[in-house]
Number of protein chains: 4
Amino acid sequence: MPLDRSSSASAILQVICPDRPALVSELSGWVAANGGNIRHADHHTDLGAGLFLSRIEWDLAGFGLPPQAIAPAVTALAERLGGEGQVHFSDTVPRVAIFVSKQDHCLVDLLWRTRAGELPMAVPLVISNHPDLREVAEGFGASFEHVPVNAASKAAAEQAQLQLLADHQIELVVLAKYMQVLSSDFLSHFRGEGMQGHQVINIHHSFLPAFKGAQPYHRAWERGVKLIGATAHYVTEELDGGPIIEQSTVHVSHRDEVDDLIRKGRDCERLALARALRLHLRRQVMVYRGRTAVFD
Amino acid sequence: MPLDRSSSASAILQVICPDRPALVSELSGWVAANGGNIRHADHHTDLGAGLFLSRIEWDLAGFGLPPQAIAPAVTALAERLGGEGQVHFSDTVPRVAIFVSKQDHCLVDLLWRTRAGELPMAVPLVISNHPDLREVAEGFGASFEHVPVNAASKAAAEQAQLQLLADHQIELVVLAKYMQVLSSDFLSHFRGEGMQGHQVINIHHSFLPAFKGAQPYHRAWERGVKLIGATAHYVTEELDGGPIIEQSTVHVSHRDEVDDLIRKGRDCERLALARALRLHLRRQVMVYRGRTAVFD
Amino acid sequence: MPLDRSSSASAILQVICPDRPALVSELSGWVAANGGNIRHADHHTDLGAGLFLSRIEWDLAGFGLPPQAIAPAVTALAERLGGEGQVHFSDTVPRVAIFVSKQDHCLVDLLWRTRAGELPMAVPLVISNHPDLREVAEGFGASFEHVPVNAASKAAAEQAQLQLLADHQIELVVLAKYMQVLSSDFLSHFRGEGMQGHQVINIHHSFLPAFKGAQPYHRAWERGVKLIGATAHYVTEELDGGPIIEQSTVHVSHRDEVDDLIRKGRDCERLALARALRLHLRRQVMVYRGRTAVFD
Amino acid sequence: MPLDRSSSASAILQVICPDRPALVSELSGWVAANGGNIRHADHHTDLGAGLFLSRIEWDLAGFGLPPQAIAPAVTALAERLGGEGQVHFSDTVPRVAIFVSKQDHCLVDLLWRTRAGELPMAVPLVISNHPDLREVAEGFGASFEHVPVNAASKAAAEQAQLQLLADHQIELVVLAKYMQVLSSDFLSHFRGEGMQGHQVINIHHSFLPAFKGAQPYHRAWERGVKLIGATAHYVTEELDGGPIIEQSTVHVSHRDEVDDLIRKGRDCERLALARALRLHLRRQVMVYRGRTAVFD
């Protein structure tokens, strides 16, 4: 019977720094020198940018540094390499808020997957600009907050949303078919430091960069495309322009009306968003220069 | 032992007309009244446009009308319905010209598929703005014509191309990675009548409408997409805006450089173009209002 | 603004009979003669078997026969052709029972899709050999019946199940990860007449015919396959041998442990079962000679 | 302008050994200590088997050991870890023989990809039990050897084949739709040492383990499956039972006759075989315990 190491806690190091020889050796040597047993190690060199990215995951059990000493040590290590670093622990479960409007397919899917153990997160808070999905959210044990939004109330609504995020100690927001655009002001206030700058994930119902903006399924139908898709991406100030994490497509035919595209698209959206979120939560995604490296 | 009817010749009727009741009955009744045994029948109603499209294929063996009488009868039938109609015969093999530049992957694939019997066409002519692919074309028995194109010579080059198409009695042009844009003038001269207006098929190396125009793989890499694709479409005066026949995508990752996208894309391009061309040649595609109905 | 005909009720005719000329004309002519406006018509000839299959769907509004007269007329029509026929009405919502064990992913998915309008059915009854999923079932308004099954009690348990199906006037059973094999005796009692013989749909967690029987994911992992899959099929007395409706696969790698296969497989299972069920409920599936024709 | 490091030569180390801490550090440290700049590093731990697998690729330019000293050093390193190791150089192009019968789709595809630079190999030799494909092979510059095989001549034929492989200094055999089973005797004579034991790759026209053996498409049609596939695998003495490298599937419908399955399957076969071969040639595949780890 093999030891199920995967059930024990791990530390996950992410480093990004200028490329030079011996970086893999230096990083893995640091883990080994502290008695860490590496579970996964993956690296990427962006030759054009001259950047080296690394993700190393090791068992916390038996590691020589106490947990509270690891983050400072990582910072020092990264600085020595002239770059940035961060560390996460697999047993620290992030608190996530889900923003929705009226459609419930992504919300139900994410809450179900969380309960099923597929997504290592807690969802204490669901925020919506409509009252419709209260029962779904509360059925899974999340608080539901109805924050109406219109052109006149938007600034105030976003202040209320930010306050709710702070009150619930939220570190990640997932826009699960939230049909409002978050302002630059909102984004500038809800932003992590350094490598953790991106804290909002959105699902857009097209394979970006096609059909940015409103009503992508209607425009896809008009254009007569033979496949439709969905894109999960980090939200930036540029509408539908943030770093892409995951994309998915499905074939359609002339028999599919707009309603069929919407129906088929729901499955694409659910899967792309769930995969992207799982990758993010397991710290398999690194963002740099408007792009992502996904270590899966 | 079943009779292999598929090896015998068939007639393929395409009709497009205003929607009203009893059209399926009327069309299939016409075939039956003339003693035709229907092999395939497929229809589509575009509710928004109020249009009915039908494709009916039946055995020529035993049909009551002589082949030369079928087309006039179809025209009369379609006019009675207030629409348009055309008929093709599966044993009439279209003569197709392939336009290429320097890349040979689509050319080799199409010529190989033609020889293997997958594509019911003859390819007597390959035209290129570069001399590189002569050996490939001639190796499969096609004439190779090198027609250089630059800004100054473009009009004259297109005249020469049109003359070659006429000389070889070409009815369909396939742009198999031909890196030049055909002018409106060319298209206006190489155009069928009525329902057969579209006689040029192109393969574009992106999932349209994303990345229209030049260097889609470079732009896809810049954007950091997680899938790339290819689109086979009829060529119209609007660049990369014609009716789409087939699209295909493949996943890529941060490890893929532009060269990898180009390499992976080649397989997408080959498959999408070959599928689209097979559908066209078997008269499974109908074009209307800038879109296609694909009866597969 | 186009009339949304798709929201009105339709009749769906399915006929299977020996192949001969003029069948399309005869069937569509019968619809037209009764004033029916055909919405979809699709046919298939199995040359080897010498059989003709047809599915025709038309608007009930304006049809010349009253609904109760249609079924007898269809029976007479089919007998005239030496075959079998049946008719369904899109506004008659079938009553479906879902059998489950402990896993809830397919159950939640089906109930959610039913509520969302993707699956035209009612689910008054959920039966399980374990008590775990009562809350899920009841949360969507279904009765939950716990019928424990072991080797000794199996015959009695099946009698209880059959009684529940009768009490709830169930016409279709969906095995949504029900980890018990239904006996031939059960199947012989829960069986429709004629073309409606197949009334039980199962989701098997492999791409059949690979990995029939127990623990397909474990065996797939052992074999080192690079893709796993799911198969939705009608249940017959032959274990995992019934007519296949839908199959789906997903790539896996050496990094995936058995638990990862199970997790990835859940998405395959949910999608394949939901698609198959939608096809069945819209009467797009015809079964003959151990196979299905799927008119999509 | 970034340096195109990918165009320069690299060394690729593969190690398999018992799992224990600090292995990543030890291996990458060895590369760094010799002045190597790591281009890719990937590892895998099989927890059940207690095995650690590693693949490290680094620039040969500037490496401290002369090429001829690397292999002995790697052997010593692997022995120190209680395992096995091997090293390959990207500028050493393997000599590959392709075995075919009458079908040419895989042969043409592999030869075209080799010429296009997608497959880093040389193909000096094509062996067939039929004379049909001489022209194809010779057109791409390969020697074509016709070695007829029947039950009586099989042993002698295999001796002749082995002699041809030796004469042409072949290190890898690809069975590209070679419709004969190689005997255990053949395999025992054409086998590498240690980790290089597997030197024959086959493409089987089904998604194994479904439809092992003869006529998979016919049996797939009989079973009424909704998808077909292809499997590229290393050949072992167990028919269609060797380690799987790559699998691919494509959807089929009731409209597809056996000939359509064969046609659609050809594309699956070509792609799966080409991908598997590219992975093998780039030394991205490691075999252990009847399975493969594919570092892509």
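What follows is a chat between a biologist and a modeller about a predicted model and how its chains and helices meet.

Biologist: Before we dig in, what are the ground rules here?

Modeller: Residues are numbered from 1 along each chain as its sequence is written, and chains are lettered from A and ligands numbered from 1 in the order in which they are written. Side-chain values use heavy atoms, leaving out hydrogens and water, while local features need pLDDT of at least 70, side-chain atom pairs count only at pLDDT 80 or more, and totals for chains, interfaces and linings use all residues, since this is a predicted model.

Biologist: Let's start with chains B and A: how many residues does each give to the contact?

Modeller: Contact means heavy atoms within 4.5 Å. On that basis, chain B gives 34 residues and chain A gives 34 residues.

Biologist: And what area is buried between chain B and chain A?

Modeller: The size of an interface is often given as the accessible area lost when the parts come together. Here buried area is the accessible area (1.4 Å probe) that two parts lose on being put together, summed over both. Carbon and sulfur atoms give 51% of it, and the area between chain B and chain A is about 2900 Å².

Biologist: Which three residues of chain B supply more of that area than any other three?

Modeller: Together they supply 25% of what chain B buries against chain A. The trio is R223(B), H254(B) and R291(B).

Biologist: What kind of axis relates chain B to chain A?

Modeller: Copies are superposed by least squares on the C-alpha atoms of residues with pLDDT of at least 70 in both. Chain B lands on chain A after a rotation of 180° with 0.0 Å of shift along the axis, at an RMSD of 0.0 Å. That relation is a two-fold axis.

Biologist: Which residue of chain B has the C-alpha nearest that axis?

Modeller: Its C-alpha is 2.2 Å from the axis. The residue is A210(B).

Biologist: Why do we say that chains B and A meet through the same surface?

Modeller: You compare the interface residues of the two copies. The copies meet through the same surface because the share of interface residues of chain B that are also interface residues in chain A is 100%.

Biologist: Now chains A and C: what area is buried there?

Modeller: The contact takes 18 residues from chain A and 18 residues from chain C. W112(A), R263(A) and R270(A) supply 30% of the area that chain A buries against chain C, more than any other three residues. Carbon and sulfur atoms give 43% of the total, which is about 1600 Å².

Biologist: On to helices: at what angle do α3(C) and α8(C) cross?

Modeller: Two packed helices are described by the angle between their axes and the distance between the axes. Helices (H or I, at least four residues) and strands (E, at least two) are DSSP runs, numbered from the N terminus, and axes are lines fitted to C-alpha atoms, for helices over the stretch in contact, with angles from 0 to 180 degrees between N-to-C directions. Helix α3 (residues 105–116) and helix α8 (residues 258–281) of chain C have axes that come within 9 Å and cross at roughly 40°.

Biologist: Is that parallel or oblique?

Modeller: Angles under 35 degrees count as roughly parallel, over 145 as roughly antiparallel, 65 to 115 as roughly perpendicular and the rest as oblique. So α3(C) is, relative to α8(C), oblique.

Biologist: How do α8(B) and α8(D) run, antiparallel or parallel?

Modeller: The two helices pack at an angle of about 175°, with their axes 13 Å apart. That makes α8(B), relative to α8(D), roughly antiparallel.

Biologist: How many charged residues does the contact of α8(B) with α8(D) have?

Modeller: Asp, Glu, Lys and Arg count as charged, Ala, Val, Leu, Ile, Met, Phe, Trp, Tyr, Cys and Pro as nonpolar, and the others, Gly among them, as polar. Residues meeting here include D260(B) and R263(B) from α8(B), and D267(D) and R270(D) from α8(D). The contact has two nonpolar, no polar and, among charged residues, ten.

Biologist: Which peptide bond in chain A is cis?

Modeller: Most residues other than glycine have a negative phi, and most peptide bonds are trans. P209(A) lies in the loop between β9 (200–204) and α7 (216–223) of chain A. With omega near 10°, the cis bond is the one from L208(A) to P209(A).

Biologist: And which residue of chain B has a positive phi although it is not a glycine?

Modeller: Look in the loop between α5 (154–167) and β8 (172–175) of chain B. With a phi of about 50°, the residue is Q169(B).
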